[in-house]
Amino acid sequence: MAAGVQCVPSAGVVRRRTALAMALGWAAGLATAQDIAGVTDSEIVIGQSCQLSGPLAALTSEVRQGASLYFDHVNASGGVRGRKIRVVAIDDAYDPTKAAENTRKLIDEYKVIALFQYAGTPPSLAALPIAEERGVPLIAPFTGTDGLRQAGSRYVFNIKAGYAAELDATVKQLASVGITHIAAVYLNNPFGTGGLASVKTSVQAHKVGLVAQAPLEVDGSKMAEAVATVAKTSPQAIIVISAGKPSVDFVDAYLAAGHRSAFYMLSVISNAQLVKALGERARGIVVSQVVPSPWNQSMPVSREFQVLAKAKGITEYTFSQMEGFISAKFLVEALLRAGTKPTRAALVQAMESMKNVSLGGYPVELSATQHSSGKFVDLLMMGRDGKFTK
């Protein structure tokens, strides 16, 4: 059986030779202490700290599913220069302290060559100083925070537009259709507060009034207070700077209380999750997107995703899956460029060499001085049957 994704409970026994198998039956095995930077003659070990439990687990599952589609395809085709890719995923439950512990474990015990698609802003920011200190690439984190897009970050590589670009596109669109007063609710952590700061900058630039702002707790507590704070100002639109369950729960609570507004969300919300939780009430919600549509028939990377998803029996597509898929494709391309005996340093140089690369029509533009690529932002509205429209 081809190597694939291994999930390790954060409090589990990580030294066991075989971990719990995931739904698709991926095989597991541990890198030995003699292996250098997660590379043996037969495999390449990648590390990931993500949400296998907690309120964001469903969203993370979609991203990981998309990445696994591509990794499984590569492994079934012989791997990267004969080496199979194995992703060791450890649950952090969206807790930055656990994410930091996981990062050290992945580097010290699993000897990973890279950290891949860490999920969420707080966990990714917790991993950042460790990755920089230890010289381990942190690749394609599933977050758009500006904190991972600072000049001088030697080991962080992003391939999509950040939250600031998404939020500015949203506010610009609102201003263009005559919306003059809006509200913002934000997750009460660095992800949300950073997004709120971006909104404040954008409303000034586009001359839109921010009439209310309210925090959302990750555990869903104080939801009634957030709804009341926003509702009393009767905003024409509400920007939801959140991800996963808290985002959906706010919309649900706001509508259930008898209030109405237009809702705008970031790319880290799942279209499938919205429809499942809200049904027809999801219609009209606008979501910014930073990767091509998984239903696109004209872009090669989207068609490739569709073929591989169909082969796995996946019929419900999401943008989160697509982001995972493209990120995996990017990592594989970088590993191929890293040579016959890839190291962490060679992987960094390989990504910096990707100055004008097309991943099936999705552009990547990186260099030694530019570690963040991606300018694409699109705003799509949820229509009938959970389908997006322009």
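The paragraphs below lead through the sheet of this structure, a helix that lies across it, and several further helices. The model is predicted, and every value given here was computed from it.

The sheet provides a starting point. Seven strands make up an open sheet, and their order across it is 8-7-9-10-11-14-15. The pairing within this sheet is mixed. Its edges are strand 8 and strand 15 (388–389), each of which pairs on one side only. A general rule helps in reading any such sheet: in a regular strand, the side chains alternate between the two faces.

Consider first the end of the sheet that holds strand 8. Strand 7 and strand 8 run in the parallel sense and are paired over 7 bridges. Two of the residue pairs can be located in the model: I182 has L210 of strand 8 as its bridge partner, and A183 stands opposite A212, also in strand 8. Strand 7 is mostly covered, with 6 of its 7 residues buried.

The other end of the sheet is built with strands 11, 14 and 15. Strand 11 (residues 286–289) and strand 14 run antiparallel and are joined by 4 bridges. Here Q289 is placed opposite D378 of strand 14. On the way to the edge, strand 14 is joined to strand 15 by 2 bridges, again in an antiparallel arrangement. In this pairing M381 faces T389 of strand 15. Strand 14 and strand 15 form a hairpin with 5 residues between the strands, and D385 in that hairpin adopts a positive phi near 60°. How far is strand 14 (residues 378–382) enclosed by the rest of the structure? Of its 5 residues, 4 are buried, so strand 14 is largely enclosed.

Attention now turns to helix 7. This helix lies across strand 7, strand 8, strand 9 and strand 10, and its direction makes an angle of about 175° with strand 10. Its length can be checked by a short calculation. Helix 7 comprises 12 residues (245–256), and at 1.5 Å a residue the expected span is 16 Å; because the C-alpha atoms at its ends are 16 Å apart, the model agrees with that expectation. The expected span is obtained from one less than the number of residues.

Which residues of helix 7 are buried? They are P246, S247, V248, F250, V251, Y254 and L255. The elements that cover these buried residues include strand 7 (181–187), strand 8 (209–216), strand 9 (237–241) and strand 10 (262–265), together with helix 6 (223–231) and helix 8 (271–278). After helix 7 comes G258, which has a positive phi near 90°.

One residue of helix 8 deserves a closer look. Q273 is situated in helix 8. Its relative accessible area is 15%, and Q273 is therefore buried, since the limit for a buried residue is under 20%. Apart from neighbours within four places in sequence, Q273 contacts A58, L59, G244, K245 and V248. Among these, V248 is also one of the buried residues of helix 7.

Helix 10 (residues 319–337) can be followed through its contacts with two other helices. The axes of helix 1 (residues 57–76) and helix 10 come within 7 Å and cross at roughly 40°. The two helices are therefore oblique to each other, and their crossing is right-handed. On the side of helix 1, the residues in contact include L59, V63, Y70 and F71; on the side of helix 10, they include S320, G324, A328 and V332.

The second partner is helix 9 (residues 300–311), whose axis comes within 11 Å of that of helix 10 and crosses it at roughly 105°. Helix 9 and helix 10 are therefore roughly perpendicular to each other. This contact is made by V301, S302, E304, F305 and L308 from helix 9, and by Q321, M322, F325, I326 and K329 from helix 10. Q321, F325 and K329 also belong to the residues of helix 10 that meet helix 1.

A final example is A350, which is found in helix 11 (residues 344–352). Is A350 buried or exposed? It has a relative accessible area of 4% and is therefore buried. Leaving out residues up to four places away in sequence, A350 touches A334, R337 and A338. By contrast, A350 and T145 are 205 residues apart in sequence, and their C-alpha atoms are 24 Å apart in space.

Note on methods:
Residues numbered from 1 in each chain as written. Predicted model: local features only at pLDDT ≥ 70, side-chain atom pairs only at ≥ 80, totals over all residues. Heavy atoms only, no water. Buried < 20%, exposed > 50% of the residue type's maximum accessible area, 1.4 Å probe, protein only. Contact = heavy atoms within 4.5 Å. Pairing = 2+ DSSP bridges. Axes fitted to C-alpha atoms, helices over the stretch in contact; angles between N-to-C directions. Parallel < 35°, antiparallel > 145°, perpendicular 65-115°, else oblique. Left-handed = near helix turned anticlockwise from the far one by under 90°.
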